[in-house]
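The following paragraphs guide a new reader through a molecular structure, moving from its surface to its strands. Please keep the sequence and the model in view while reading.

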Amino acid sequence: MKKGQTGVMDLIIAVVIAIIALTAIALSWDRFIIKLNEKNEFNDLQIKLFQISDQLVTSEGNPDEWNENVSKLTSLGLAIEDRVLSMEKVHNLSKLNEGQNTTNIKKLLNIEAYEIFVNVSYLNGPQISILGPEPYQNKSVVSFIRYPKDQLGRALEVNVKLWKK
């Protein structure tokens, strides 16, 4: 072979190396996109959960006395004032499990694609009220706990869990 000429074998080796490199880059890119989408989905879930738990412990709901007539409920809230919960509303929270109310609650909270579980209990004490089904063992569940008080100043624990259907 003369100087400056390329052999066919050198060309084939270079093409194979380039194809392997491009394949590795494509696979890595796909894996990166999947992980990025999972992270974004998890972050969205956390934001929704934070907003819902905040709404429950800081808002009275709409109407203020929704616990007297659940059918008129347009916004869910358990508070009588910021981080002080109405025990009547907390006790009536379990009644929202009846019939289609959990579907309506998910529509109100704009989480139709998710399942929600709310557990209100005294801090290190007995359970007071539950909304929704317990999460499945194999589901990726995001949980957020708030620590408001009742009208008598007793510490409560509001555990809200959210997961994709």
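Valine 16 is a residue of helix H1. In this predicted model, valine 16 has a relative accessible area of 43%. Because that value is neither under 20%, the limit for a buried residue, nor over 50%, the limit for an exposed one, valine 16 is classed as partly exposed. Val16 also belongs to a nonpolar patch on the surface, together with Val8, Met9, Ile12, Ile13, Ile17 and Ile20. The accessible area of this patch amounts to about 690 Å².

Helix H1 covers residues 8–58, and a loop lies between this helix and strand E1 (79–81). Glutamate 65 is found in that loop. With a relative accessible area of 46%, glutamate 65 is partly exposed. On the surface, Glu65 joins Asp64, Glu68 and Glu88 in a negative patch.

The strands may be considered next. In general, the strands of a sheet pair through backbone hydrogen bonds, in either a parallel or an antiparallel manner. Here, an open sheet of three strands has the order E1-E2-E6, and its pairing is mixed. Strands E1 and E6 (149–150) occupy the edges and have a single partner strand each, so one side of each lacks a neighbour in the sheet. Strand E2, comprising residues 84–85, runs parallel to E6, and two bridges join them. Within this pairing, valine 84 has lysine 149 of E6 as its bridge partner.

Another set of pairings involves strand E3, which spans residues 114–122. Is this strand largely enclosed or open to its surroundings? Eight of its nine residues are buried, and E3 is therefore largely enclosed by the rest of the structure.

Strand E3 pairs with strand E7 (residues 156–164) in the antiparallel sense, over nine bridges. In this pairing, asparagine 119 has asparagine 159 of E7 as its bridge partner. Strand E3 also pairs with strand E4 (residues 127–131), again in the antiparallel sense, over four bridges. Valine 120 and serine 129 of E4 stand opposite one another. Together, E3 and E4 make a hairpin in which four residues lie between the two strands. The turn of this hairpin contains asparagine 124, whose phi is positive, at about 55°.

Notes. Residues are numbered from 1 along each chain as its sequence is written. This is a predicted model: local features need pLDDT of at least 70, side-chain atom pairs count only at pLDDT 80 or more; totals for chains, interfaces and linings use all residues. Side-chain values use heavy atoms; hydrogens and water are left out. Patches are made of residues with over 30% relative accessible area and no salt bridge: like charges are joined within 9 Å, nonpolar side chains (Val, Leu, Ile, Met, Phe, Trp, Tyr) within 5 Å. Accessible areas come from the Shrake-Rupley method with a 1.4 Å probe; for residues, only the protein chains shown count as cover. A salt bridge is a side-chain nitrogen of Lys or Arg within 4 Å of a carboxyl oxygen of Asp or Glu. Lys and Arg count as positive and Asp and Glu as negative; His and the chain ends are not counted. The place of a charge is taken as NZ of Lys, CZ of Arg, CG of Asp or CD of Glu. Buried means under 20% relative accessible area, exposed over 50%, partly exposed in between (1.4 Å probe, protein chains only). Two strands pair if DSSP finds at least two bridges between them.
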